[in-house]
Amino acid sequence: MIFNEKIECLDPQDLKKIQSQRLCHIVDYVYQKSPVFKKKFDEAKIAPGSVKSIEDIVRLPFTVKDDLRENYPFGIFSSSMKDIREIHISSGTTGNPTVVGYSKEDLDLWADVIARSLCCAGALPGDIIQIAYGYGLFTGGLGLHYGSLLLGLTVIPCSSGQTKRQLKIMQDFKPRILACTPSYALYMAETARELGLDPKKSHWQIGILGAEPWSEAMRQNIEERWDIQAIDIYGLSEIIGPGVACECHCKKGLHIFSDVFYPEVIDPVTLKPVGPSGRGELVITSLTKVGMPLIRYRTRDIVTIDCEKCVCGRTSARISKVLGRTDDMIVVRGINVFPSQIEEVLLNIEGTQPHYQIVVEREKGLDQLEVLVELKESFFSDEVKKLQNFEHHVAKEIESVLGIGVKVRLVEPKTIERSEGKSKRIIDKRSL
Ligand code: DLL
C-alpha cells in the first residue's frame with residue numbers, strides 16, 4: 001500500500017455516501033451492543049432507524065470523557081471482552097483512567113490509518129523508522145509500530161528515553177524517519193549538541209511529531225535544528241490513538257481520514273456547529289470501529305477545519321494544528337489564554353529558547369500569570385539592568401498578544417524540566 005488514490009481522492013459526494021451508510025450502520029450497532037449508548041439514545045429520544053444520512057448526525061447526543069470514566073473499565077465497549085485484543089489508556093487523566101479497547105478489526109484499522117498517515121508524511125516502503133514514542137499503555141509507540149509494518153517500513157522500536165542511545169542508533173542505523181513528540185525532538189537536539197554532534201548532519205529527513213500542541217514557530221525551530229521536514233500527526237486514544245489526521249508535504253492542515261473518522265467543529269459553549277472555517281471544538285465519530293466506537297466524541301481540542309481539496313490531491317477535510325484545548329485553556333482575569341499563544345511569541349524573540357512554563361497563582365483574589373522563559377546561553381549577561389530590560393521586552397510582547405499583564409522571569413538555560421513524552425506547560429496553583 002502506498003498512495004491509495006481511490007480512498008484519498010474521493011469525490012465529495014461519494015465520500016458523503018460512504019459516511020452516510022457507515023453512520024447508519026454504526027448508530028444501529030452501538031444501540032444494539034452498548035448499554036451506555038442505548039441509554040443515551042433513549043434519553044435523547046433517538047430511534048436508530050431515524051438516522052438516514054450523515055446530515056442527521058447533529059441530532060445525536062455527544063459522548064464525553066466522563067462517559068468512559070463512569071463506565072470504567074470496559075462498560076462503554078460494544079464488543080464482548082472475548083473479542084477485545086488490546087487495551088490502552090489515555091494519558092494525562094486524574095481519577096479513573098480512560099480505557100480504550102481494540103478488536104482485531106480495530107487493530108487492522110489502526111494500522112491502516114497510520115500507514116495512510118506515514119504515506120501522507122512522505123514515508124516509502126523500505127524506509128527505516130525510529131519510533132521514539134513511548135511503547136506500552138500510551139498509544140504512540142504501538143500505533144506507529146503497526147502502521148509502519150503495514151506500509152513496509154523497517155521499525156526500530158526504541159520507545160522514548162535513553163536519549164544518548166537514541167542518538168547512537170540514529171548515527172549507526174541511519175533511519176530516514178523519526179517519530180516522537182515535538183518536545184522530545186527538541187530535547188534530543190540539545191543532547192546531540194552537548195555530545196558534540198551536529199544535529200543538521202543527522203540521517204533523519206522526516207519527523208512525525210505529535211501527541212501534544214506545538215506551534216508553527218516550534219516547527220520552524222525543530223526543522224532548522226535537525227534539518228528535517230517536521231510533519232504534524234494527530235490523534236487521541238478514545239478515537240484510535242495516533243492516525244486520526246496527519247499533514248502531507250504541503251503542511252497546510254492535517255488530513256483527517258474522514259471516511260472512517262467523521263469530524264465536526266462545534267462552539268464548546270452553545271454546542272452548535274461553527275460555520276465554515278470557524279474555530280471550535282473538534283468532535284469525532286468513529287464510523288467503522290467495532291470494539292469501542294464512539295459517537296460525536298468531544299475531543300476538547302480546538303481547531304479550524306478546511307474542506308477544500310489539497311494541492312496534494314487528497315480531498316478529505318483538513319484540520320488546523322491544534323490551537324489549544326478547552327481544558328488547557330486557562331482563564332486569567334476573564335481572558336482565555338492558550339499556551340500556544342505564548343509559545344508563538346517566545347519563539348519569535350531572538351535570545352529565548354522554546355522551553356517555557358506558565359505559572360498561574362491567585363494573590364489577594366487576583367490572578368497572576370508568570371511565564372518562566374529560558375534564555376540562550378549567549379544571551380545570558382551579568383548585567384542586571386540588561387536582563388531586566390529583556391524581561392520587560394518579553395513581557396510587553398506577550399501582553400500585546402494576550403491583552404493582559406504578565407510577569408516574565410528569565411531562567412538559566414536547562415532549568416525547565418525536559419520531556420521525553422508530553423511536556424507540561426502549565427502549573428496552575430489556584431486549584432491546589
Ligand atoms: O497522544 C495519540 C498520539 C500519539 C497522537 C502519538 C500523535 C502521536 P492521547 O494520549 O489520548 O493520545 O492524547 C490525546 O493529545 O486530544 C490532543 O489534546 C493531544 N494531541 C495529540 N496529537 C496532537 C497534535 C495521543 N498533533 C490528546 N497536536 C489530544 C496537538 C495533540 N495536540
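A helix, in the sense used for α8 below, is a DSSP run of H or I with at least four residues, and helices are numbered from the N terminus. The exercises concern a predicted model.

**Exercise 1. Determine where T191 lies, whether T191 is buried or exposed, and which residues T191 touches.**

Solution.
Step 1. T191 is located in helix α8, a segment that covers residues 182-194.
Step 2. The relative accessible area of T191 is 8%. The cut-off for a buried residue is under 20%, and T191 is therefore buried.
Step 3. A polar contact ties the side chain of T191 to the backbone: the backbone oxygen of Y187 is reached at 2.9 Å.
Step 4. When residues up to four places away in sequence are not counted, T191 touches T163 and L167.

**Exercise 2. Describe the pairing of strand β5 with β3 and with β6, and state how the chain passes from β5 to β6.**

Solution.
Step 1. Strand β3 (residues 128-131) runs parallel to β5, and three bridges join the two. In this pairing, Q130 stands opposite L178 of β5.
Step 2. β5 is also joined to strand β6 (residues 206-210), by four bridges and again in parallel. Here L178 stands opposite G207 of β6.
Step 3. Between β5 and β6 the chain passes through helix α8, in a β-α-β crossover that is right-handed.
Step 4. A further pair across these two strands is I177 with I206 of β6.
Step 5. As to the side chains of β5 (residues 177-180), I177 and A179 point one way, L178 and C180 point the other way, and all are buried.

**Exercise 3. Establish how β6 is covered on its two faces and how β6 is connected to β7.**

Solution.
Step 1. Five of the five residues of β6 are buried.
Step 2. Sorted by face, I206, I208 and G210 lie on one side, with G207 and L209 on the other; both faces are covered.
Step 3. Five bridges pair β6 with strand β7 (residues 229-236) in the parallel sense, and G210 stands opposite I233 of β7.
Step 4. Helix α9 (residues 216-226) makes a right-handed β-α-β unit together with β6 and β7.

**Exercise 4. Characterise the surroundings of S117, and explain why S117 counts as buried.**

Solution.
Step 1. S117 has its place in helix α5 (residues 104-121).
Step 2. S117 counts as buried because its relative accessibility is 1%.
Step 3. Within the chain, a polar atom of the S117 side chain lies 2.7 Å from the backbone oxygen of V113.
Step 4. Leaving aside neighbours within four places in sequence, the contacts of S117 are I233, G243, C246 and F257. I233 is the residue that stands opposite G210 in the pairing of β6 with β7.
Step 5. For D11 and S117, the separation is 106 residues in sequence and 20 Å in space, C-alpha to C-alpha.

**Exercise 5. Give the strand order of the sheet that contains β18 and β19, explain why two of its strands have a side without a neighbour, and place helix α11.**

Solution.
Step 1. The sheet is open, contains four strands in the order β20-β19-β18-β21, and has mixed pairing.
Step 2. β20 (407-411) and β21 (426-428) each have a single partner strand and stand at the edges, so one side of each has no neighbour in the sheet.
Step 3. Neighbouring strands of this sheet are turned against each other by 20° on average, direction ignored.
Step 4. Nine bridges pair strand β18 (residues 352-363) with strand β19 (residues 366-375) in the antiparallel sense. One of the opposing pairs is E361 with Q368 of β19.
Step 5. Helix α11 (residues 384-402) lies across β18, β19 and β20, and runs at about 135° to β20.

**Exercise 6. State how the protein chain is divided into domains and how many residues each domain gives to the contact.**

Solution.
Step 1. The division is into domain 1 (81-327) and domain 2 (335-428).
Step 2. Their C-alpha centres are 27 Å apart.
Step 3. Domain 1 contributes 27 residues to the contact, and domain 2 contributes 16 residues.

Methods: Residues are numbered from 1 along each chain as its sequence is written. This is a predicted model: local features need pLDDT of at least 70, side-chain atom pairs count only at pLDDT 80 or more; totals for chains, interfaces and linings use all residues. Side-chain values use heavy atoms; hydrogens and water are left out. Buried means under 20% relative accessible area, exposed over 50%, partly exposed in between (1.4 Å probe, protein chains only). Two strands pair if DSSP finds at least two bridges between them. A crossover is right-handed if, with the strands pointing away from the viewer, the path from the first strand over the helix to the second runs clockwise. Contact means heavy atoms within 4.5 Å. A polar contact is a pair of N or O atoms within 3.5 Å; within protein, one must be able to donate a hydrogen and the other to accept it, and residues adjacent in sequence count only if both atoms are side-chain atoms. Axes are lines fitted to C-alpha atoms, for helices over the stretch in contact, and angles run from 0 to 180 degrees between N-to-C directions. Domain bounds come from an automatic or database domain assignment.
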